[in-house]
Amino acid sequence: MWGGHEMMRIVDGHCDALTKLYMNAKLDFHTEEDELDVSFPRLQKAGVKVQYFAMYLSESISNPNFEHVLQMVDVFHRKVASHPGMRFIQTASDWRAVEQSNDIGAVLTLEGLDAVVGNFTYLRMLYHLGVRSIGLTWNYANWAADGVMERRNGGFTKKGLAMLKEIESMGIIVDVSHLSAAAFWELVDLYKKPFIASHSNAQHLCPHPRNLSDEQIKAIISCQGLMGITFVPYFLESAKGEVHISSILKHIDHICALGGETHVGFGSDFDGIEHWVKDLRHVGQYGNIIEALCKNYRESQVEAFLYGNWRNFMLANLPQ
């Protein structure tokens, strides 16, 4: 129980555990390890019902290519989805099946189109392998578009726009968390389906380039999309020093004030960070957020932030 409440279900919309498992073959998802923020025992301890696993090719990989992505898919299946307590989610029916079981659901995502190199066959292969959400860029430019840290703030390339159209027709969910502002607004004009920012916060409260402006947040709300609040300390507060869970609540408050109460969830970025919010060192400590939420919101709101909003979005946008 958290703060007198029964353990609540949780969806976490982004972690980088796969990258760590890929880069270090000795790590074991099945056991609680200090080096892994997200592991099966910690997910179970927290009451996480669905965890998204991003495939991110680390900058330490020289000349990343599609074979690296396939290797990471293999790591996902061998080390994560193969666990008897995990269930791979590819469809809305899979999600509902997880809800009817004691299993933890796993959603496979791709962070950055770099290794796809404009190849539609590669994209279709990823869909067949179960990838259900794609972040178009990481922080910098690739062949498709500019990332949010690219100084020129360019938009999509011609090939990137063609790939975006293909992604839309296939029903893969677009993730804009690392996308440049110029490309974000091109996407809003051209893309006809709901999209997500899986791990971003509010620029109004913390003016980091990775955070979203109020106008961007409103655009996500308008398209019936979803925004995952992330636990990266310097995306929560610009001032240096210890960051507390109260800062996470401030970002939720702000998004709710913009009309986003039913469009906000969590996307921790665990295993993609080297500094942590106090009392939020790994996924097993989600209970500390739940306690804080329960002191500030109605139980129905807390359940929506933790689980219901992500659930509603995914059941509407996963293949049926």
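## Aromatic pairs, cores and spaces

The structure, which is a predicted model, holds 16 aromatic pairs.

Me: In the aromatic pair of Y52 and W310, how many residues apart in sequence are the parts that the pair ties together?
Reply: The rings of Y52 and W310 form a tilted pair, with 4.9 Å from centre to centre and 45° between the planes. Both of these residues are buried. Since Y52 lies in strand β2 and W310 in helix α12 (residues 299-317), the pair ties together parts whose separation in sequence is 258 residues.

Me: Is the pair of W95 and Y307 stacked, edge-to-face or tilted?
Reply: W95 belongs to helix α4 (residues 92-99) and Y307 to helix α12, so that the pair links distant parts of the chain, 212 residues apart. W95 and Y307 are both buried. Planes under 30 degrees apart would count as stacked and planes over 60 as edge-to-face. The ring centres lie 6.3 Å apart with the planes at 45°, and the pair is therefore tilted.

Me: Which residues do ring pairs link into a cluster?
Reply: A pair of aromatic rings is described by the distance of the centres and the angle of the planes. Rings can also be joined through several such pairs, and the cluster that ring pairs link here is made of F29, F53, F76 and F88.

Me: The charged end of which residue sits over the ring of W276?
Reply: In one such contact, the charged end of R132 sits over the ring of Y127, at 4.0 Å from the ring centre. Over the ring of W276, at 3.6 Å from its centre, sits the charged end of R281.

Me: Which helix gives the largest share of the largest nonpolar core?
Reply: The largest nonpolar core has 98 residues, and those that touch the most other members are F53, M55, L113, L136, L187, F266 and L293. The largest share of this core amounts to eight residues, and it comes from helix α3 (residues 66-81).

Me: How many residues make up the second, separate core?
Reply: Among the members of this second core are V11, V107, L226 and W310. One of these, W310, is also the partner of Y52 in a tilted aromatic pair. The size of the second, separate core is 17 residues.

Me: Which element gives the largest share of the lining of the largest pocket?
Reply: The largest pocket has a volume of about 580 Å³, and of the 25 residues that line it, W138, Y234, D269, G272 and I273 are the closest to its centre. Two elements give two or more residues to this lining, namely α1 (17-23) and α9 (233-236). By class, the lining has nine nonpolar, eight polar and eight charged residues. The largest share, three residues, comes from α1.

Me: How many nonpolar residues are in the lining of the second largest pocket?
Reply: The second largest pocket holds about 260 Å³ of space. It is lined by 15 residues, of which Y56, L57, P64, D114 and W138 lie nearest its centre. Set beside two polar and three charged residues in this lining, the number of nonpolar residues is 10.

Me: How many polar residues are in the lining of the largest cavity?
Reply: The structure holds one cavity of 30 Å³ or more, and about 100 Å³ of space lies in the largest cavity. Of the 17 residues that line this cavity, the closest to its centre are H14, T109, L110, D175 and S198. The elements that give two or more residues to the lining are β2 (48-55), β4 (104-111) and β5 (131-135). Besides five nonpolar and two charged residues, the number of polar residues in the lining is 10.

Note on methods:
Residues are numbered from 1 along each chain as its sequence is written. This is a predicted model: local features need pLDDT of at least 70, side-chain atom pairs count only at pLDDT 80 or more; totals for chains, interfaces and linings use all residues. Side-chain values use heavy atoms; hydrogens and water are left out. On a 1 Å grid over the protein atoms alone, a cavity is a set of points where a 1.4 Å probe fits but cannot get out, and a pocket is an open set with protein on both sides within 12 Å along at least five of seven lines; lining residues have an atom within 4 Å of a point. Grid points are joined across faces, edges and corners, and a volume is the space filled by probe spheres set on the points. Helices (H or I, at least four residues) and strands (E, at least two) are DSSP runs, numbered from the N terminus. Ala, Val, Leu, Ile, Met, Phe, Trp, Tyr, Cys and Pro count as nonpolar, Asp, Glu, Lys and Arg as charged, and the others, Gly among them, as polar. A nonpolar core is a set of buried Ala, Val, Leu, Ile, Met, Phe, Trp, Tyr and Cys residues joined through side-chain atoms within 4.5 Å. Buried means under 20% relative accessible area, exposed over 50%, partly exposed in between (1.4 Å probe, protein chains only). Rings of Phe, Tyr and Trp (its six-membered ring) pair if their centres lie within 6.5 Å; planes under 30 degrees apart count as stacked, over 60 as edge-to-face and the rest as tilted. A charge sits over a ring if NZ of Lys or CZ of Arg is within 6 Å of the ring centre and within 35 degrees of the ring normal.
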